[in-house]
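Here is a short report on a structure made of protein chains. Keep the picture open as you read.

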Amino acid sequence: MTKKTITPTINGEPKELLVDQRITLLDMLRDELHLTGAKEGCGNGNCGACTVHLDGLSVDSCLVLAVETTGRSVTTIEGLAKGGALDPVQAAFLNNSGMQCGICTPGFIMATKALLAKKPNPTEHEIRTSLAGNLCRCTGYDKIVRSVLALTKD
Amino acid sequence: MKTFDYASPATLQEALGLLGRFTGDARPLAGGTDLIAQIQERRREPDVVLDIKRIPECMRLSLEKDGLHIGAAVTCSALIAHPAVRERFSILAQVASLIGSVQIQNRAGLGGNLCNAAPSADGIPGLICLNAQAVIAGPKGRRVVAVEEFCIGPGKTVLGRDELLVELLVPEPPAHSAGSYLRFIPRAEMDIAVAGAGSFVTLDPKSNRCKEARIALAAVAPTVVRARAAEQSLTGQPLTTSAIERAGDLAMQAASPISDVRGSKEYRLELARVLTRRTLADCAKQLGISL
């Protein structure tokens, strides 16, 4: 098995890791770093449960090779809360009950975080379009969308 | 999953050198949204994955005198965010925003969409409409192939095993022109086209008649195809409802669809007609023509 040493920054911390060249970023996060917030739903880019930020942009970590992240910055759901305080997006999902079983929640929160960084006041239509790459099989999306709307100023 | 080696050359020369040396199946990696899924599902089992994202030519996105240069690994998000693309190559921004989710658009690009050579590729009709050229590098130097000649079957392209797509070169659309792409999917987004149509019309401003029309259809043949009879029917004609209807009827001649889980042959033929009409009507609207 061929391995490669990579040096990504994970949640602000520089890392040096020896990884199998064929594993995905999602596998590295979950199996090597034990960051299990990102989930594998479909494994082919449809469900968004594995959404993380790669250099600030939301990506499906199941469709990124771990070796591609050398020299790059990865942020996962575990990197959002600071000093025991939830990130505003996490708080909004909590306060608006934007979840049921919770499997899709880390992906939705990371996708929302990226959306609001680009567009702080999205309309409901923009929220629904921007979150189309995240599937939820419990909520019917309404409370998720309301959680995001609660973060907009209008 | 089978083991593979990963290489990320920093220059085109280095990449071509590696491609020449490898004996097994080497697959270039741009956004990976098709390739990594195919590897995971064992539909492809490359020996080497060659990441092209460190190669400057493959990451270039710039408007020059000879047109828009879109590096083979430039993402859909980068295209959508580029003001000149949105204003002057709007059909490309339109298709880039149709491909997958935001997460996919942050990785995937038109270069990979072309090389994956899916009959249903949303990125290809827009490129064909704008007469885009594929710039290919190989051991003997560079060659240029029109995008409409690039795919030769589902998943098959003209690329040799020692060649690499470097960039897409898209000539600036002429004045008095408009382009539009529509696909039909049963969902609102995040789906593979049952059929798609891209239309591009250039008007003669004096006569207000079509100087040139280019129409490309997706998911109705083994590759994206041009609807030449439909195009020719518009040349020299004013863009009227009846001319558009006739072009839609003729577009069906270029379609040779299969029936599959996404739609029947008959349904796809009808979609080719309807989507051609709608995209032409959208071009007319953009050109200020009321139908």
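The buried residues of helix 1 in chain A pack against five strands of that chain: strand 1 (3–6), strand 2 (9–10), strand 4 (17–20), strand 5 (51–54) and strand 7 (73–75). This is a predicted model. Which residues of helix 1 (residues 25–32) are buried? They are A:Leu25, A:Leu26, A:Met28 and A:Leu29. An α-helix has 3.6 residues a turn, so residues three or four places apart point the same way. Just after helix 1 of chain A comes A:His34, with a positive phi of about 55°.

**Chain A as a whole**

Now step back from the helix. Chain A holds five helices and seven strands. Along the sequence, their order is β-β-β-β-α-β-β-β-α-α-α-α. The radius of gyration of chain A is 15 Å, and a compact globule of 154 residues would come near 15 Å, so the two agree. In chain A, contacts with a separation of 6 or more were sorted by distance along the sequence, and 52% of them join residues 24 or more positions apart. The 16 positive and 16 negative charges of chain A have mean positions 4 Å apart.

**Chain B as a whole**

Chain B has 13 helices and 14 strands. Its radius of gyration is 19 Å, close to the 19 Å that the globule rule gives for 291 residues, so chain B is as compact as a globular protein of that length. Of the contacts in chain B with a separation of 6 or more, 61% link residues 24 or more positions apart. Chain B carries 34 positive and 30 negative side chains, and the centres of these two sets lie 1 Å apart.

The table lists further values for each chain.

| Chain | Span along principal axes | Buried residues | Exposed area | Share from carbon and sulfur |
|---|---|---|---|---|
| Chain A | about 50 × 30 × 25 Å | 50% of 154 residues | about 7,100 Å² | 51% |
| Chain B | roughly 55 × 45 × 35 Å | 54% of 291 residues | about 12,100 Å² | 51% |

**One residue in chain B**

Look next at B:Val224. Where is B:Val224 found? B:Val224 sits in the loop between strand 13 (209–218) and strand 14 (225–226) of chain B. Is B:Val224 buried or exposed? Its relative accessible area is 9%, and buried means under 20%, so B:Val224 is buried. Which residues does B:Val224 touch, not counting those up to four places away in sequence? They are B:Pro119, B:Ala121, B:Ile124, B:Pro125, B:Ile128, B:Ala216, B:Leu217 and B:Ala218. Compare B:Lys211. B:Val224 and B:Lys211 are 13 residues apart in sequence, and their C-alpha atoms are 23 Å apart in space.

**Where the chains meet**

How many residues does each chain bring to the contact? Chain A gives 29 residues and chain B gives 27 residues. The area buried between chain A and chain B is about 2,200 Å². Carbon and sulfur atoms give 54% of that buried area. On the chain A side, A:Arg22, A:Leu63 and A:Glu68 lose the most area to chain B. Together these three residues make up 28% of what that side buries.

Technical notes:
Residues are numbered from 1 along each chain as its sequence is written. Chains are lettered from A and ligands numbered from 1 in the order in which they are written. This is a predicted model: local features need pLDDT of at least 70, side-chain atom pairs count only at pLDDT 80 or more; totals for chains, interfaces and linings use all residues. Side-chain values use heavy atoms; hydrogens and water are left out. Helices (H or I, at least four residues) and strands (E, at least two) are DSSP runs, numbered from the N terminus. The radius of gyration is taken over C-alpha atoms; the globule rule is 2.2 Å times the number of residues to the power 0.38. Buried means under 20% relative accessible area, exposed over 50%, partly exposed in between (1.4 Å probe, protein chains only). Contact means heavy atoms within 4.5 Å. Accessible areas come from the Shrake-Rupley method with a 1.4 Å probe; for residues, only the protein chains shown count as cover. Lys and Arg count as positive and Asp and Glu as negative; His and the chain ends are not counted. The place of a charge is taken as NZ of Lys, CZ of Arg, CG of Asp or CD of Glu. Buried area is the accessible area (1.4 Å probe) that two parts lose on being put together, summed over both.
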